[in-house]
Structure formats: C-alpha cells, structure tokens
2 protein chains.
Amino acid sequence: MITNLEIALDEKNLELNTNMSSVMHGAIMELVSSEFAEEMHKQAIRPYSQSVYKIDDNKWIWSINTLNDYAAKNIINAITNNNSIYIKNRESELNISNYSVYKTSFDDLFTDNYLGEKRSRYLTMEFITPTAFKSNEKYVFMPDIALIMKSIISKYDTLSTTTDIMDDNLLDKIVEDVSIAEYRIRSRYFYLEKTRIPGFVGRLKLKINGSQNMVNMIHMLVDFAQYSGIGIKTALGMGVVKKL
Amino acid sequence: MITNLEIALDEKNLELNTNMSSVMHGAIMELVSSEFAEEMHKQAIRPYSQSVYKIDDNKWIWSINTLNDYAAKNIINAITNNNSIYIKNRESELNISNYSVYKTSFDDLFTDNYLGEKRSRYLTMEFITPTAFKSNEKYVFMPDIALIMKSIISKYDTLSTTTDIMDDNLLDKIVEDVSIAEYRIRSRYFYLEKTRIPGFVGRLKLKINGSQNMVNMIHMLVDFAQYSGIGIKTALGMGVVKKL
C-alpha cells in the first residue's frame, strides 16, 4: 500500500516553515530502529517522502508518505503509536493528536487512471516545496518535462510492485507528446543545516498530445508523484507536488 | 545613434493593452514611405522595436526604439513631425503631444560598461512584454541563457557599427559563465490579429562568473537589449526588457 499520514502542526510548539522538513526527517530517523535507518540511508530512492508545508491560510501540516508496507510499518506506525514524538533539534515534543491517514495502492492508481473516467489532455501541477533535479552533475531548478517525468518514473519503477514503465523510447515519446502550456513559477531556496539548494515552486499546466494511453499514463504518474515527490531530496522535504 | 521615443498614451482615446502593440506597428507602417516599409518587411532583424506597455500604476506608454539613424529619420521623425497620427485599425487619432526622447550610441554603451564604474556580477532583467524564441522550428517560451544571449548578440552584430561580438566559442563561454540565480516568471500569450504566441514575462537575476570582461560584456548586451528587445517579433511588441 501507499500511505499518507498528515499531522496537523500546532504553531505554539514549533517555529513552522518548510525548511523545518529536514529537522523532521531527523526526528523520524531517531524514532525508527537503527537497522531501518541505516538501510534507508543506503538507498538512492527511498520508499518514503515527507515535508512540512502550509495548506490553506495558516494551517501547517507535516505530511509523510510511505510507498510500501515495510516503510509504513517502520515509519507511520512508529509515529502513530506514540502520543507525542521528540524533536531533538528543537528540544521540543510534538503532539501526535490530530492526524489523518489515507491509503491507496499502485493497483488503485492504475485502475483509476486507465479504467476510470476518461482523463483530460490538460493537467495542472502545483509544486509546493522547492523542487530541483540533478542533471550532468549540476542542480537544475527550472522545470523541464523530461526531468520531471524521468524522476517520477524512476521512483515509480523502483517502488511499484507491478510492471516497470520505463523503456528505451519512452522518455523521447513523452517529450514529443507532453508540453508545458502555461506556467507561473519562481525560484526558492531549500535550506538544509549547512547548505541551501536552489529549487522552484509554482504551477505548470501540461498539455498532453498523443494517444489516450499516454494521457492516462501521465495522469497516473502525476498522481503517484503526489506521494513520492519529484526530483532530489524528497525524503528531506523537497519536491512536494499536488495535482489540481 | 540609438534613439528611444516614449509617447504618453491617453486612456480616453484608445483601449490600452500590450496586444495593441501590433496595431501601433501597423500605424507606423502607414506613416512611413512605402519604400521604407517594404525594405523593413524584408529584413529578418529590423533596426527598430516598439511596444505599448504599462509603466508605474496606470500610466501607459508607446515606446519606439530605432537602432540607427536611417530608422530614426524614417520612423521617429515621421511620428514627431506630426501633432497626431491616425491609427487605422482603431479609426482613431493619437495625439503626439506628450513625449520624451533619449539618445545613446553603440560607442556609449561600450564606454559605459567597459570603461566606467566596475560592473556587478549580478544583474536583474525584467521581461515586460511576452518574450519568446524560435529554436529548432519551435516556439520556446521559457528563459534560457543561450537563447537570450544569442538573440541579443544577433541583433547587436547586425545593427552595430562597431566590431562584431559573436565568435565560434562565445556562446559556450557565456553558458559556462552566466547562470540564472533567481527568477519569478510566468507564461503570457501575446495576441496578434489572427493568432497568439506563447511568451513569458517576469524577472531573472543573472549571476556572471568568469572575467570582468565577461561581466562588462553581459551588462553591455543587456543595456542594448533595452532598445532592441529580445527574441522574436520585437517589431510587433514582444520582448521588451528592462535592466533593474
């Protein structure tokens, strides 16, 4: 299963901002078993993403997504089995008293997008926390269809239990069929303890040409990206995206 | 000489918006001699740019730049020698009663940037009217250092009376040395009579590495671009840029 845990954050306890996401990652790693932490540390594509961000006016949430049952058991259960968890970096307790859980699966994502209502040729993505890619050893912080889709597909193929999506020509075909129709974006730094990484936030409206199969696949991938995140450092809080 | 003519537009006469720019181009072509109009029509890079856009709160201007004396004589003088000009498309007279003229030259642009105060390694460009490029037969409407600089240098080398800037390795060197440090941009369509062209507007902050010579050159090119415009259809009103 894919599991999303959203914890409402209380402003009184913590100074809230997206750059706190990496602190929260630290708190998760303190909470889980050292074996699991070590195992995760070795993986280039991890079976979870998490971030702190604002939804609506002044409501902040800590959103944690696990992309398989193993990660759900080790991370989500470890959090929700407590009434509060300790945020070492802030020397503060966070109450786990107001949260929601939503579960879906790779099968559901497939069924919804390929067998459900016909998907639209337009699709708007909102990048909520700074998003960036590494390409040719350099950070890229301007959106690009190939980099976006390559990142989602890598995560999907690594973590899904179903057939792999990527093949030799797929990325070329996607670049041919999918274009950015409209956008409103800005650069924004994501701060880690000792460094900052340039990313972008904002909206992209995609137009999908080609077959209905291509349309369905892009919708499915973007649906999946809402859980996996896009680009680099999605375990630390970057690359949160929503489909509008 | 490079000449800028800014005519204050009176909202009462005309429904003002940037898409009116192509109508104003039509008015210029009606005003000039048919020989000059025909000659301009044949040129890929024309010695003028013009656009209608808003400055400050609600003040609209019609800005016309000529990049050599021949264009100044045929366009700017033809306009300022009249008390009003007829805008055929709108069946309306435009009063030429409140305008300013500013003159500079390729020599001045060089002297200011290479021999004046040391130029900064940061530079912010504001794209005021929709800006786009043609690359591999396709419209590109997301900023890209190579496309921006290639466009400016083409216009500069075509129109300047001094030495050409472009050489075989220059664009590679620019891409190596100049990067986008921060940005805030959005797509915006530019409307022509029968079609619309996707462009972008907004701000780019550039960081210039490399030699002080490179820094000076980029500043000079962007200064020049304030008169020439950047990218496609600068005679019709696209690609207006200001250095902040």
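**Close-up views of a two-chain model**

**View 1. The rotation axis between the two copies.** In this predicted model, B:Ile185 is the residue of chain B that comes closest to the rotation axis, with its C-alpha at 2.8 Å. Turning chain B by 180°, with 0.0 Å of shift along the axis, superposes it on chain A with an RMSD of 0.0 Å (a least-squares fit on C-alpha atoms of residues with pLDDT of at least 70 in both copies). The two copies are thus related as by a two-fold rotation axis. Both copies use the same surface: 100% of the contact residues of chain B recur in chain A (contact means heavy atoms within 4.5 Å).

**View 2. Two helices crossing in chain B.** Here helix 5 (residues 145-159) and helix 6 (residues 170-177) of chain B have axes that come within 10 Å and cross at roughly 135°. That makes helix 5 of chain B oblique to helix 6 of chain B (angles under 35 degrees count as roughly parallel, over 145 as roughly antiparallel, 65 to 115 as roughly perpendicular and the rest as oblique). Among the residues making the contact are B:Met149 and B:Ile153 of helix 5 and B:Leu171 and B:Ile174 of helix 6 of chain B.

**View 3. A salt bridge in chain A.** Look for the side chains of A:Glu126 and A:Arg203, which meet in a salt bridge at 3.5 Å, N to O (a side-chain nitrogen of Lys or Arg within 4 Å of a carboxyl oxygen of Asp or Glu). Over all chains, the structure holds ten salt bridges.

**Notes.** Residues are numbered from 1 along each chain as its sequence is written, and chains are lettered from A in the order in which they are written. Local features need pLDDT of at least 70 and side-chain atom pairs count only at pLDDT 80 or more, while totals for chains, interfaces and linings use all residues; side-chain values use heavy atoms, leaving out hydrogens and water.

Notes: Axes fitted to C-alpha atoms, helices over the stretch in contact; angles between N-to-C directions. Helix = DSSP H or I, 4+ residues; strand = E, 2+ residues; numbered from the N terminus.
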